[in-house]
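Subject: Handover of a structure

Dear colleague,

I am passing on the structure below, and after it you will find what came out of going through it. Please keep the structure open beside the text as you read.

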Amino acid sequence: SGTSAELTDIGACTYGQDCTNYYTAQQSIDDVLSDPSAELKVEVDMAPADVPSLGLAAASDSGVSNSDHVTNANTLVFEIAGPEDGVQAQLVRHIVGLNYEQRVGSATVSSGHATITIPSDYYDSVTVYWLEARDAAGNLSTYPFYVVDANGLFVTLDRAAPVVSIS
């Protein structure tokens, strides 16, 4: 004599894929099996987070045009557009010529957008920025740091006055 419970998985997930599983339960008391319970629906999100797009806000871009990514601004505002609300976007920068990366700000995508405001560097430089993302289920983006040249946002900080020579 005894009591036991049996959980049945109706469905299967493939690793790295989003899926839906359904579970039922039955109880056994003294070898008498109950009817199966109603199905319990479980959504499984295993896919990597989508990386939102990144842009420098026009107001932070003081170059010849407001889209050339050349600036002398003391504060940089980055605009983030994401396909998935709830994604936590982490802004990462790498100053070209230096061998390190630094996480400098974060924001959560809501209604398809977010902004991150950071102080600019203290010296003239070319800096590449990119985003890492974590979705609401905790999945990380698969955006590898070594492809920033192809996918990063290059911003040139230029505070030097132009040199004018008269001949």
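**Two aspartates, a sheet and a cavity**

Aspartate 18 touches Val44, Asp45, Met46 and Ala47, leaving aside residues up to four places away in sequence, where a contact means heavy atoms within 4.5 Å. Please note that this is a predicted model, in which local features need pLDDT of at least 70 and side-chain atom pairs count only at pLDDT 80 or more, while totals for chains, interfaces and linings use all residues. Residues are numbered from 1 along each chain as its sequence is written, and side-chain values use heavy atoms, with hydrogens and water left out.

Aspartate 18 sits in the loop between strand 1 (3-10) and strand 2 (19-29); strands (E, at least two residues) are DSSP runs, numbered from the N terminus. With a relative accessible area of 48%, aspartate 18 is partly exposed, a term for values between buried (under 20%) and exposed (over 50%), with a 1.4 Å probe and protein chains only. Its C-alpha atom is separated by 7.7 Å from that of glutamate 43, although the two are 25 residues apart along the chain.

Aspartate 158 lies in the segment after strand 12 (153-157) and is also partly exposed, at 38% relative accessible area. Not counting residues up to four places away in sequence, aspartate 158 touches Thr71, Asn72 and Asp124. The C-alpha atoms of aspartate 158 and alanine 73 are separated by 8.8 Å, with their positions 85 residues apart along the chain.

Strand 12 belongs to an open sheet of 5 strands in the order 6-12-11-8-9, with mixed pairing, where two strands pair if DSSP finds at least two bridges between them. The edge strands, strand 6 (70-71) and strand 9 (102-108), each pair on one side only. Strand 11 (residues 125-134) runs antiparallel to strand 12 over 5 bridges, and tyrosine 129 stands opposite leucine 153 in strand 12.

Finally, there is 1 cavity of 30 Å³ or more; a cavity is a set of points on a 1 Å grid over the protein atoms alone where a 1.4 Å probe fits but cannot get out, and lining residues have an atom within 4 Å of a point. Grid points are joined across faces, edges and corners, and the volume is the space filled by probe spheres set on the points. The largest cavity holds about 40 Å³ of space, and its lining includes Leu76, Tyr129 and Val155. Strand 11 and strand 12 each supply at least two residues of that lining.

With best wishes

Note on methods:
Helices (H or I, at least four residues) and strands (E, at least two) are DSSP runs, numbered from the N terminus. On a 1 Å grid over the protein atoms alone, a cavity is a set of points where a 1.4 Å probe fits but cannot get out, and a pocket is an open set with protein on both sides within 12 Å along at least five of seven lines; lining residues have an atom within 4 Å of a point.
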